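Student: Before we go through the architecture together, could you put the sequence and the model in front of us, so that each point can be followed on the structure itself?

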Amino acid sequence: MTHKDVLLLASPSAAACLRGVARFAQACGWFLTIDDRECPPLDWRGDGVLATVGAHRLALLDFVRRARRRGVPVVDLTNDVPSLRMPRVCGDNLAIGRLAAEHFRERGFRRAAWFASKTGNVQRLRLRGLVENGFPDAVRLDGLDRPRLAHALAQLEKPVAVFAYSDNDASRVLNACRNAQVAVPEEVAILGVDDNALICLNQPTPLSSVRHDLERVGSEGAALLQSLMDSPQAGRTCPDPVLIPPRGVAVRFSTQVEATDDPLLRRAFAFLRRNFGRATGSAQVADALGVSRAKLDRAAHQALGRSFAEELRRQRLARAKVLLVETNLTLEAIAAETGFCHAAHLANAIRAAFGTTARDLRHEQARDAPTSPRSAHGSQFP
């Protein structure tokens, strides 16, 4: 068996993509070198290259062109430079935008905005997916610095859902909302891309994110490169890009809301978010807002088609489900964080709502989800 010498030039922040490449490399016995894509090693000589080629990375573009002229197969792991005809495996960015639009529509949003700190082909495709699937009037917030972004968010008609190019950009939007004293998610819901647990789970309001399947991008990109190294003749043609679909949305607090134009309900949802861990009922919420329970229920029925108590239960269960999947907290701790009286009460509510036990729900849905370092000691699931 001949071991291939492969060079990987990719963003260090795309850890999942690197994992996908590394897993394939180990299985095939590659000599894998990971280097700086901003300053590619000009003295490198090997069998193949994997790279995230960017339009503004001139040194990388030059390195890729030189390698290809020498007959070295190169596979691009993104789609930022579509004019550069070469073998390519990347995320389906139109589908990522389409999934964001579906997520917003499911939550009742009629207004949306788009934010990206940079511009490029990938950004254009994700925005197009949003615009073409229910949000033709999405407000463009591209490239705004922090003060201008905060000002623009304060001026938007509420409620509005903001689709951010990445989780990094979603965290920028969240920070701008804080500076503008805009409530998230009651006034502005935020959705990022990549499902980077380090970013999404370590915010004052945990961020929802489209699960861009970067690990599969890496592994399938590596498989394509292997086939090109094995069959040099195949490299003379340029196949269509291999598009990897997203794996759904990781729903967290930043979009865990029903969009409503009713200011009373928005106040009620904000109160719930501040008091989520308390065993608060609809009567207590109504008292805190200075209205009758009947008025609160009428507003909920008109906007959501259900009573406020039913919406309260739905939100608590949704939050409990997130904690089950993405943390190691015991059921007792989750019950305490979501306003259920005790673990048995939460376990019965989960069984009634989802038709499965809390233990099975955690095991079934946690397979592909990142786990937060949060944990708690205590008794396990009843």
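**Strands, helices and spaces**

Tutor: Strand β9 (residues 188–193) and strand β10 (residues 208–210) pair in the parallel sense over three bridges. Please keep in mind throughout that this is a predicted model.

Student: In β10, which residue is the bridge partner of valine 193?

Tutor: Valine 193 falls within β9, whose residues run from 188 to 193 and which pairs with β10, residues 208–210. The bridge partner must therefore be sought in that short strand, since strands of a sheet pair through backbone hydrogen bonds. In β10 the partner is valine 210.

Student: What is the strand order of the open sheet of six strands, and which are its edge strands?

Tutor: The pairing in this open sheet is mixed, and the order of its six strands is β7-β6-β8-β9-β10-β12. An edge strand pairs on one side only, and those that do so here are β7 (139–140) and β12.

Student: What angle does the direction of α4 make with that of β6?

Tutor: Two helices that pack on this sheet can be taken in turn, beginning with α3 (residues 93–106), which touches β6 (112–115), β8 (160–164), β9, β10 and β12 and whose direction makes about 160° with that of β8. Helix α4 packs on the sheet as well, touching β6, β7, β8 and β9, and its direction makes with that of β6 an angle of about 175°.

Student: In the open sheet of four strands, which strands lie at the edges?

Tutor: This sheet has parallel pairing and the order β2-β1-β3-β4. Its neighbouring strands are turned by 20° against each other on average, with direction ignored. The strands that pair on one side only, and so form the edges by the meaning of the term, are β2 (31–34) and β4 (74–76).

Student: Which residue in β4 stands opposite leucine 50?

Tutor: Strand β3 (residues 48–51) runs parallel to β4 and is joined to it by three bridges. Opposite leucine 50, the residue that stands in β4 is valine 75.

Student: Are α9 and α11 roughly parallel or roughly perpendicular?

Tutor: The axes of α9 (residues 263–274) and α11 (residues 293–304) come within 9 Å and cross at roughly 105°. Angles of 65 to 115 degrees count as roughly perpendicular. Because of that crossing angle, α9 is, relative to α11, roughly perpendicular.

Student: How many residues of the contact of α9 with α11 are charged?

Tutor: From α9 the contact takes in Leu264, Leu265, Ala268 and Phe269, which meet Lys295, Leu296, Ala299, Ala300, Ala303 and Leu304 in α11. By class these residues divide into nine nonpolar and no polar, while the number that are charged is one.

Student: Which residues lie closest to the centre of the largest pocket?

Tutor: About 1400 Å³ of space lies in the largest pocket. Of the 49 residues that line this pocket, the closest to its centre are Ser11, Ser13, Ala14, Asp194 and Leu214.

Student: Which element gives the most to the lining of the second largest pocket?

Tutor: The second largest pocket holds about 390 Å³ of space, and 17 residues line it. At least two residues of the lining come from each of β12 (249–250) and α12 (308–326). With six residues, the element that gives the most is α12.

Student: What is the volume of the largest cavity?

Tutor: The structure holds two cavities of 30 Å³ or more. The lining of the largest cavity includes Pro185, Phe253, Phe269 and Gln315, and its volume is about 60 Å³.

Methods
Residues are numbered from 1 along each chain as its sequence is written. This is a predicted model: local features need pLDDT of at least 70, side-chain atom pairs count only at pLDDT 80 or more; totals for chains, interfaces and linings use all residues. Side-chain values use heavy atoms; hydrogens and water are left out. On a 1 Å grid over the protein atoms alone, a cavity is a set of points where a 1.4 Å probe fits but cannot get out, and a pocket is an open set with protein on both sides within 12 Å along at least five of seven lines; lining residues have an atom within 4 Å of a point. Grid points are joined across faces, edges and corners, and a volume is the space filled by probe spheres set on the points. Axes are lines fitted to C-alpha atoms, for helices over the stretch in contact, and angles run from 0 to 180 degrees between N-to-C directions. Angles under 35 degrees count as roughly parallel, over 145 as roughly antiparallel, 65 to 115 as roughly perpendicular and the rest as oblique. Contact means heavy atoms within 4.5 Å. Ala, Val, Leu, Ile, Met, Phe, Trp, Tyr, Cys and Pro count as nonpolar, Asp, Glu, Lys and Arg as charged, and the others, Gly among them, as polar. Two strands pair if DSSP finds at least two bridges between them.
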